[in-house]
Amino acid sequence: MKKLLASTALMMALGLPALAQDYTPDPNAKSGGGITVTYKDDVATLDPAIGYDWQNWSMIKSLFDSLMDYVPGTTELRPGLAESYEVSDDGMTFTFHLRAGVKFHNGREMTADDVKYSLDRVTLPATQSPGAGFFASIKGFDAMSDGSATTLEGVTVVDPMTVQIQLSRPDATFLHVMALNFSSIVPKEAVEAAGDDFGHNPVGTGAFSLAEWTIGQKLVFQKNADYWRAGVPYLDTVTFEVGQEPIVALLRLQNGEVDVPGDGIPPAKFTEVMADPAQAARVVEGGQLQTGYITLNVTIPPLDNLAVREAINMAINKDRITQIINGRAVPATQPLPPSMPGYTADYAGYPYDPEKAKQMLADAGFPDGFDTELYVMNTDPNPRIAQAMQQDLAAIGIRASIQSLAQANVIEAGGAGTAPMIWSGGMAWIADFPDPSNFYGPILGCSGAAEGGWNWSKFCDPAIDAEATKADSFNNPDDPARLAMWSDIYQNVMKEAPWVPVFNEQRYTMKSARMGGDDSLYVDPVSIPVNYDYVYVTE
Amino acid sequence: MPAYLARRLFQSALILLGVSFITFFLLFVLPADPVRQIAGRSATPQTVENIRRELGLDQPFVVQYGRYLWGLVQGDMGRSYLQKTDVSTLIAARLPPTLLLMAAGIACELVLGLAMGMVAALRRGRATDNVLMMTSFVAVSAPQFVVSLILLYIFAVRLGWFPIGGYGTWHHLVLPAVTLGILGSGWYARMMRSSMVEVLRADFIRTARAKGLTRRAVIFRHALPNAILPIIAMIGIDIGIFMGGIVVVEGVFGWPGIGQLAWQAIQRVDIPIIMGVTLVSACAIVLGNLLADLITPFIDPRIRIR
């Protein structure tokens, strides 16, 4: 057994998987005050087992905690409700030692029974959790999923402060899964008291508790004075106002009524905002774990022809598309975004070369090109991006008609495998957790290629799938050998060209002048748009 | 009268049944799977199937529709797929703001529309008439989204007279209500103008003038009550069109009404909410028409209900 301690120096000395240096509190931070954040869409639920939306993801992060957590503003794991943990040598058993004296918002102390209850709850089919599948490596998951068990066999309460989790297969990403919102620890009595509506009556251990919720109008989060992490949060309240158009939110920010527009700067206003030095100074730019791509359905002729897919890869002018969205992205060469571990910096990808693409198309037997369809979600800027792609394809003779549909309809066509080409903008793919495997299984692996899956190119290479399984069987997710394997996997995927990786979006968060805290908190890769627990106000 | 009322109520119930069937059927055949929206992008096929079974969406259409109707009869509008809350609770939370905005919006469009129509009729063929009719034409055809944003920009952002969107005080109500008023006034202005012009030509007006009544008395005591008559029935019919405008205006002004609720539910294929909002709106329209028919005989004794 390797014992993993919270002391970084000791871990380094023992050569164990290193947890990051924890966050250093901001010496200038002031306690008190409140901020106002706006969103266009209503908050559907704050139940951590259910919530999977843009707006409720970071809210849930502030109301609840999981066994694992991330250092604010980074993608590095740190212990959360677990003070420390041990991994068995075969990587199949995780023992978590819980932090003592952690209290739920209802005043009760959290124990190992709550951990077991929470993991059972999220995997129980009746809960209808969209995240249930993340827990598939826990022993007994299949029995939960098919309804033959009501408790996870692999999760054992050793004593009130210790939980042991046994896996049915090695899973390098398991600690990341334990940091997901879906793994949040919830108190049984509060879930049962809320009946069917825990989503509107959340009780967690997080830095904030829900004080007020007027459906369709606003939510008020209140500081948890008993929070187990000393010194945070700084803010007394966070008010979320919903139903606010992004353009209206921007006007209100300029008027001093809003601190963070949660949906960002509207594309139509981006140039104007950035041209004004006073406003541009309050915009924080950062990378995000996102890739925008075109899927090429390998089961639909002539896209089943590798040369045709390569030609399309060489026909798309990524620089121009990046300009269309005001340079709010960097052109992509591969499925992984640059800030993801396993990204291959020296892989150049397919060059933009329409002449050669046209020649390749002719050699493949399509001197006059062919007709096809490009599906796209119908909200700005996606149709404009699709038009640019349409022109690029036309330049090599491919006549693509644009099918601009509502998000749900595009996803349906992608899952059914009826769409020859799909531009992923507005739908996919942002990582659930910072690990290279998260860009493979659902969107490039064989499992995702099944009917209804998110692998819209229906690409399935058993040899690559086997490599992926091997890479995920490592004990240490950051093992260089594992990251090298993932790097190879994505380069091999690109040899088959099931995608045209187009760009990696940058994030731009705007804030009011009175908001303080390190810039990294405003482009936190995990808490989007802002890490509410660590930001503060200066007046 | 009671027999008439009973017949009309029965007809209304049939209409609502038809609306529920058509909406449910359209949502059923829609090429968008609600389960995928709930399950999200990382769900395994097993998770997807589990959710489908839990919600009864694996059943044939007849069973699903039958269950829905059975619930409806018992006063249960179902639970939202994504919010996991009773639809009746969600609609109840959002109905008061919408009703308030509707009342204020209809008042605005009536005042604006009737005034414009009356003035235009009295100045028929002159410049005032032309300008007013042109204005009403622009109001009818202007995109709601654009008008909302223009008013918001001028009166809230530039002049700062009203808050930039939101809900709570009468200050918040003014801009969205006036926007709806301007957009809807065009119809009423045109209706009122033609109705007034017709009445002004009628014999009884000539008689009134011949009696030596003042111009004011002729217009307000004799012409106006008669000219307004056809407009009353129009309010009932207008509710349908009005509901369409409210969806857009609520969106821009951040007004927490059922328009916003419907819009978001449609994006996410949250069928119980879409059904609920559709039925509530259909009820409003049906009731509006019924009320218009019932009120007319009280205003015009020539019309009798049988």
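Here are some exercises with worked solutions on a predicted model.

**Exercise 1: The disulfide**

Task: Find how many disulfides there are over all chains, and say which cysteines take part.

Solution:
- Begin with the bond itself: a disulfide is a covalent bond between the sulfur atoms of two cysteines.
- A search of the whole structure turns up one disulfide over all chains.
- Its partners are Cys446(A) and Cys460(A), whose sulfur atoms are 2.0 Å apart. The cut-off for a disulfide is 2.5 Å, so this pair qualifies.
- Next, look at the twist: the angle about the S-S bond is 95°, and the link of Cys446(A) and Cys460(A) is right-handed.
- Now place the two residues. Cys446(A) and Cys460(A) both lie in the loop between helix 15 (441–444) and helix 16 (462–471) of chain A, 14 residues apart.
- Finally, check the surface: Cys460(A) has a relative accessible area of 40% and is partly exposed.

**Exercise 2: Two ring pairs**

Task: Decide whether the rings of Tyr227(A) and Trp228(A) are tilted or edge-to-face, and do the same for Phe366(A) and Phe370(A).

Solution:
- For the setting, the whole structure holds 33 aromatic pairs over all chains.
- In the pair of Tyr227(A) and Trp228(A), the centres are 5.4 Å apart and the planes stand at 50°, so the pair is tilted. Both Tyr227(A) and Trp228(A) are buried.
- In the pair of Phe366(A) and Phe370(A), the centres are 5.5 Å apart and the planes stand at 65°. Planes over 60 degrees apart count as edge-to-face, so the pair is edge-to-face.
- Add the accessibility: Phe366(A) is partly exposed at 21%, whereas Phe370(A) is buried at 7%.

**Exercise 3: Charges over rings**

Task: Find which rings lie under the charged ends of Arg328(A) and Arg41(B).

Solution:
- Start with Arg328(A): its charged end sits over the ring of Phe270(A), 4.4 Å from the ring centre.
- Go on to Arg41(B), whose charged end sits over the ring of Trp429(A), 4.0 Å from the ring centre.
- Follow Trp429(A) along its own chain: it is in the loop between strand 18 (421–423) and helix 15 of chain A, and the peptide bond from Ala428(A) to Trp429(A) is cis, with omega near 0°.

**Exercise 4: Unusual backbone**

Task: Locate the cis peptide bond that leads into Pro381(A), then the positive phi values of Asn326(A) and Lys84(B).

Solution:
- Recall the usual case: most residues other than glycine have a negative phi, and most peptide bonds are trans.
- The bond from Asp380(A) to Pro381(A) is cis, with omega near 5°. Pro381(A) belongs to the loop between strand 16 (371–377) and helix 13 (382–395) of chain A.
- Asn326(A) has a positive phi of about 60°. You can find Asn326(A) in the loop between helix 11 (318–324) and strand 15 (329–331) of chain A, partly exposed at 33%.
- Lys84(B) has a positive phi near 55°, and its place is the loop between helix 4 (61–73) and helix 5 (87–122) of chain B. With a relative accessible area of 14%, Lys84(B) is buried.

**Exercise 5: A nonpolar patch**

Task: Name the residues of the nonpolar surface patch in chain B and follow Ile150(B).

Solution:
- The patch consists of Phe145(B), Val146(B), Ile150(B), Tyr153(B), Ile154(B), Leu159(B) and Trp161(B), and covers about 650 Å².
- Ile150(B) belongs to helix 7 (residues 144–158) of chain B.
- Its relative accessibility is 45%, so Ile150(B) counts as partly exposed.

Key: Residues are numbered from 1 along each chain as its sequence is written. Chains are lettered from A and ligands numbered from 1 in the order in which they are written. This is a predicted model: local features need pLDDT of at least 70, side-chain atom pairs count only at pLDDT 80 or more; totals for chains, interfaces and linings use all residues. Side-chain values use heavy atoms; hydrogens and water are left out. Patches are made of residues with over 30% relative accessible area and no salt bridge: like charges are joined within 9 Å, nonpolar side chains (Val, Leu, Ile, Met, Phe, Trp, Tyr) within 5 Å. Accessible areas come from the Shrake-Rupley method with a 1.4 Å probe; for residues, only the protein chains shown count as cover. A salt bridge is a side-chain nitrogen of Lys or Arg within 4 Å of a carboxyl oxygen of Asp or Glu. Helices (H or I, at least four residues) and strands (E, at least two) are DSSP runs, numbered from the N terminus. Buried means under 20% relative accessible area, exposed over 50%, partly exposed in between (1.4 Å probe, protein chains only). Rings of Phe, Tyr and Trp (its six-membered ring) pair if their centres lie within 6.5 Å; planes under 30 degrees apart count as stacked, over 60 as edge-to-face and the rest as tilted. A charge sits over a ring if NZ of Lys or CZ of Arg is within 6 Å of the ring centre and within 35 degrees of the ring normal.
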